[in-house]
Amino acid sequence: WGMSTRIIGAIIMAHGDDNGLVLPPAVAPVQVVILPIAMHKEGVLERARALKAELEAAGLRVELDDRDTYSAGWKFNEWELKGVPVRVEVGPRDLAEGKVLSVRRDTFEKAPLDIEGLEGEIKAMLDAIQTNMFEIARAFRDEHTADVHSMEELEKQVNGGYAKAMWCGEQACEDEIKDRFSASSRCMPFDQTPIGETCVCCGKPAKKVIYFAKAY
């Protein structure tokens with residue numbers, strides 16, 4: 001799928017669920033998968049192919065799953081596992097009504113969409129998914145992050161969360177935190193507003209704000 005193992009790992013940790021990957025539309029190699037339902041029925045496969053071309057012409061990354069060796073349910077599970085943001089089901093009953101059925105990967109919400117103007121509806125849905133996933137991830141981060149001012153507080157916070165601390169800049173302190181709590185520095189934020197004056201580990205003067213957490 002063209003993404004590095006490190007990026008995939010970060011996405012799994014931030015957004016994955018019991019059904020597999022949940023990919024943000026901005027980075028998803030495939031943003032929309034089209035599944036023809038009862039594609040042996042007249043016109044279904046042809047219309048699915050036409051929809052793929054129309055969505056691609058609108059700048060979307062689209063896959064058409066027209067394999068006839070797997071059931072629709074099997075395909076649903078496979079594409080959910082891969083985390084494709086939107087699934088579009090095209091069946092004879094839908095086409096007779098001038099509609100398709102859309103399914104969001106982030107919420108599993110199902111909604112019928114008019115074929116006329118489908119490109120705009122799908123783009124709006126992808127934007128909504130991107131925003132929803134970002135807000136959920138940000139809320140999780142904020143709820144699991146706390147300022148710490150001692151090694152005791154740091155030990156408690158890194159058991160399932162992120163510890164924001166002052167650091168003197170010495171490798172020895174990073175090593176001690178890693179040895180004692182199996183936690184390591186994760187990043188140094190651009191906002192370096194101090195939350196204290198001394199290093200959380202050695203107590204020496206510190207001017208660097210840093211986040212510590214365990215790697216899973």
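Two strands count as paired if DSSP finds at least two bridges between them. The model used in these exercises is predicted.

**Exercise 1. The four-stranded sheet**

Work out how β6 and β7 pair, then place both strands in their sheet.

*Solution.*
Step 1. Count the bridges. Three bridges join β6 to β7. The cut-off is at least two, so β6 and β7 are a pair.
Step 2. Get the direction. β6 and β7 run parallel.
Step 3. Pick out one bridge. Aspartate 147 has lysine 164 of β7 as its bridge partner.
Step 4. Place the pair. The open sheet has four strands in the order β6-β7-β9-β8, and its pairing is mixed.
Step 5. Find the edges. β6 (145-147) and β8 (183-187) each have a single partner strand, so one side of each has no neighbour in the sheet.
Step 6. Add the twist. From one strand to the next it averages 40°.
Step 7. Add the helix. α7 (residues 171-181) packs on this sheet and touches β7, β8 and β9 (208-214). The direction of α7 makes about 125° with that of β8.

**Exercise 2. The five-stranded sheet**

Give the strand order of the five-stranded sheet, and state which helices lie on its strands.

*Solution.*
Step 1. Read the order. It is β2-β1-β3-β4-β5, in an open sheet with mixed pairing.
Step 2. Find the edges. β2 (62-64) and β5 (110-114) each have a single partner strand, so each has one side without a neighbour in the sheet.
Step 3. Add the twist. The average is 25° from one strand to the next.
Step 4. Look at one pair. β4 (residues 99-104) and β5 are antiparallel, with five bridges. Leucine 101 is bridged to proline 112 in β5.
Step 5. Place α5 (residues 118-143). This helix packs on the sheet and touches β1, β3, β4 and β5. Its direction makes about 10° with that of β4.
Step 6. Place α3. It lies across β1, β2 and β3 (86-90), at about 175° to β1.

**Exercise 3. The buried side of α3**

Name the buried residues of α3 and say what covers them.

*Solution.*
Step 1. Apply the cut-off. Buried means under 20% relative accessible area.
Step 2. List the residues. Lys75, Phe76, Glu78, Trp79 and Glu80 are the buried residues of α3.
Step 3. Recall helix geometry. An α-helix has 3.6 residues a turn, so residues three or four places apart point the same way.
Step 4. Find the cover. It includes β1, β2 and β3.
Step 5. Look past the helix end. Glycine 83, just after α3, has a positive phi of about 80°.

**Exercise 4. Two empty spaces**

Compare the linings of the largest cavity and the second largest pocket by class.

*Solution.*
Step 1. Take the cavity. The largest cavity holds about 70 Å³ of space. Its lining includes Val33, Trp79, Glu80 and Phe108.
Step 2. Class its lining. There are six nonpolar, no polar and four charged residues.
Step 3. Trace the elements. α3, β3 and β4 each give at least two lining residues.
Step 4. Take the pocket. The second largest pocket holds about 150 Å³. Among its lining residues are Leu35, His40, Asp68 and Lys75.
Step 5. Class this lining. It has seven nonpolar, two polar and three charged residues.
Step 6. Trace the elements again. β1 (32-36) and α3 (72-82) each supply at least two residues.

**Exercise 5. One loop residue**

Is asparagine 159 buried, partly exposed or exposed?

*Solution.*
Step 1. Locate it. Asparagine 159 sits in the loop between α6 (151-157) and β7 (162-167).
Step 2. Use the cut-offs. Under 20% is buried, over 50% is exposed, and partly exposed lies in between.
Step 3. Decide. Asparagine 159 has 48% relative accessibility, so it counts as partly exposed.

Notes
Residues are numbered from 1 along each chain as its sequence is written. This is a predicted model: local features need pLDDT of at least 70, side-chain atom pairs count only at pLDDT 80 or more; totals for chains, interfaces and linings use all residues. Side-chain values use heavy atoms; hydrogens and water are left out. On a 1 Å grid over the protein atoms alone, a cavity is a set of points where a 1.4 Å probe fits but cannot get out, and a pocket is an open set with protein on both sides within 12 Å along at least five of seven lines; lining residues have an atom within 4 Å of a point. Grid points are joined across faces, edges and corners, and a volume is the space filled by probe spheres set on the points. Ala, Val, Leu, Ile, Met, Phe, Trp, Tyr, Cys and Pro count as nonpolar, Asp, Glu, Lys and Arg as charged, and the others, Gly among them, as polar. Axes are lines fitted to C-alpha atoms, for helices over the stretch in contact, and angles run from 0 to 180 degrees between N-to-C directions. Contact means heavy atoms within 4.5 Å. Buried means under 20% relative accessible area, exposed over 50%, partly exposed in between (1.4 Å probe, protein chains only).
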